[in-house]
Amino acid sequence: MSAPLRVGLVGCGRIAQLVHLNALRAADGIQVVALADPDTERLHDATQKAPSAVPYASAEDLLAKSDAEAVVLCTPPALHAAGAIAAFEAGKHVYLEKPISLELAEADAILAAQQAAGTVGQMGFNYRFHPLHREARERIQRGNVGELVSLRTVFSSPARSLPGWKSARASGGGVMLDLASHHLDLIPFLTGRDIIEVIASTASHQSEGDTAALTVRLEGDLLVQSLFSMTSVSEDRFEIYGTTGKLAYDRQTSVEIDARGSSIAYGRKGQIQRELGTAIKSFRRAPRVPGSPSFRAAFEAFGRAARGGPMEGATLEDGRRSLEWVLAAERASETGDLISRPELATA
């Protein structure tokens, strides 16, 4: 059995402490050995949760002085490129939270740094590991709903006080980078089809670009309608329509899976029915890590890949692809045009 992967967490803000740090500590094959954050209060609080980890005032100090073999970058998106490139240049494996960066040129620089380092780079598209998404993907592949016809997705979160960087696109804020980036990765992951064009509209209710509506076309003329908001209810829902059935589930609140006329439902306080699928059962059994059981699974996959195992998670190339379509949707919202891949490539 290989030794645990020694990991340093860079960025110890609210989400990192509530979700990432807890999931890393719970993950098999991972040992948190270092923490870095320039904010002394945040660093102190994180150290209380991981007392065996050595604290550092900067990512640069962690990379130069710690014995971490890998880093998890949980900094504001505007810092992703510099942080990831520095980590790769230091010979580290990198788990990079989404989005990969703010612009494609930065993403390309990250990919070049990874190629030069020859180490593992995994994107923080943890929801690929959620048992519900995995079950839906398997059912689609088995043809349980027939030929795919269309999808509808919603990803929204309640209005709340945001850190400064989340309030403006220039620093990595806005619903496109924050929430839409996940679904623009999950939609091809679930369907096995690439996005080929997008049209979008955005609105700003409480912060810049906090709401967006997208219509996406996939290969095979498959249409997807998506709504994203940072000022509404807590919801992360997929509805997948096929010629013989439908799959529908909400990661946040409840689960409904309808296929070939049979209906299955699971609520937080409800009883699991005898006929429930494996995805919902595994959701019940999944470790109660705040945020989602998918975080722990994603970190464990990262650890296995860093130890020479297969790459099970999203690659940095997947992160670039998601960003490409985030940028296309932003451009479509500005111009009112339908943006396709050839247009985007020559923009």
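A residue counts as buried when its relative accessible area is under 20%. Ile-195 has 3% relative accessibility, so it counts as buried. This is a predicted model, and Ile-195 is a good place to enter it.

Ile-195 sits in strand β8, which covers residues 195-203. Leaving aside residues up to four places away in sequence, Ile-195 touches Leu-184, Pro-188, Val-216, Arg-217, Leu-218, Trp-325 and Arg-341. Asp-221 lies 26 residues from Ile-195 along the chain, and the two C-alpha atoms are 9.9 Å apart.

Asp-221 itself belongs to the loop between β9 (211-218) and β10 (222-229). Is Asp-221 buried or exposed? Its relative accessibility is 56%, so Asp-221 counts as exposed. Its backbone also deserves a look. Most residues other than glycine have a negative phi. Asp-221 is not a glycine, yet its phi is positive, about 60 degrees.

Now step back to the whole chain. The protein has 347 residues, and 54% of them are buried. It contains eleven helices and 15 strands. Take the contacts between residues at least 6 apart in sequence: 67% of these join residues at least 24 apart.

Next comes helix α7. This helix runs over residues 175-191, 17 residues in total. From first C-alpha to last, α7 reaches 23 Å, close to the 24 Å expected at 1.5 Å a residue. The helix has a kink of about 35 degrees, centred on Ser-181. How many of the residues of α7 are buried? The count is 17 of the 17, so α7 is largely enclosed by the rest of the structure. After α7 comes Gly-192, with a positive phi near 75 degrees.

His-182 is one of the residues in α7. Its relative accessible area is 5%, so His-182 is buried. Beyond residues up to four places away in sequence, His-182 touches Lys-98, Gly-124, Phe-125, Asn-126, Tyr-127 and Phe-155. Arg-128 is 54 residues from His-182 along the chain, but their C-alpha atoms are separated by 9.1 Å.

One of those partners, Lys-98, leads to another backbone feature. Most peptide bonds are trans. The bond from Lys-98 to Pro-99 is cis, with omega near -10 degrees. Pro-99 is in the loop between β5 (93-96) and α5.

Helix α7 also packs against helix α6 (residues 131-142). The axes of α6 and α7 come within 8 Å and cross at roughly 40 degrees. That angle is neither under 35 degrees nor in the 65 to 115 range, and α6 and α7 are therefore oblique to each other. From α6, the contact uses His-133, Ala-136, Arg-137 and Ile-140; from α7, it uses Leu-186, Phe-189 and Leu-190. By class, the α6 and α7 contact has five nonpolar, one polar and one charged residues.

Two more helix pairs share α5. Start with α4 (residues 80-89) and α5 (residues 104-117), whose axes come within 9 Å and cross at roughly 10 degrees. That makes the two helices, α4 and α5, roughly parallel. On the α4 side are His-80, Ala-81, Ala-84, Ile-85 and Phe-88. They meet Glu-106, Ala-109, Ile-110, Ala-113, Gln-114 and Ala-117 in α5. The residues of this contact between α4 and α5 divide into eight nonpolar, two polar and one charged.

Helix α5 also meets α10. What angle do the axes of α5 and α10 make? They cross at roughly 175 degrees and come within 10 Å. That makes α5 roughly antiparallel to α10. Leu-104, Ala-107, Asp-108, Ile-110, Leu-111 and Gln-114 are the α5 residues here. Their partners in α10 are Leu-316, Glu-317, Arg-320, Leu-323, Glu-324 and Leu-327. The contact of α5 with α10 divides into seven nonpolar, one polar and four charged residues. Ile-110 and Gln-114 of α5 take part here, and they also take part in the contact with α4.

Finish with α10 itself. This helix has 20 residues, 316-335, which should span 28 Å at 1.5 Å a residue. Its end C-alpha atoms are 29 Å apart, which agrees. Just after α10, Gly-336 takes a positive phi of about 80 degrees. Trp-325, one of the residues touched by Ile-195, brings the reader back to the starting point.

Key. Residues are numbered from 1 along each chain as its sequence is written. This is a predicted model: local features need pLDDT of at least 70, side-chain atom pairs count only at pLDDT 80 or more; totals for chains, interfaces and linings use all residues. Side-chain values use heavy atoms; hydrogens and water are left out. Axes are lines fitted to C-alpha atoms, for helices over the stretch in contact, and angles run from 0 to 180 degrees between N-to-C directions. Helices (H or I, at least four residues) and strands (E, at least two) are DSSP runs, numbered from the N terminus. Angles under 35 degrees count as roughly parallel, over 145 as roughly antiparallel, 65 to 115 as roughly perpendicular and the rest as oblique. Contact means heavy atoms within 4.5 Å. Ala, Val, Leu, Ile, Met, Phe, Trp, Tyr, Cys and Pro count as nonpolar, Asp, Glu, Lys and Arg as charged, and the others, Gly among them, as polar. The expected span of a helix is 1.5 Å times one less than its number of residues. The bend at a residue is the angle between axes fitted to the seven residues ending there and the seven starting there. Buried means under 20% relative accessible area, exposed over 50%, partly exposed in between (1.4 Å probe, protein chains only).
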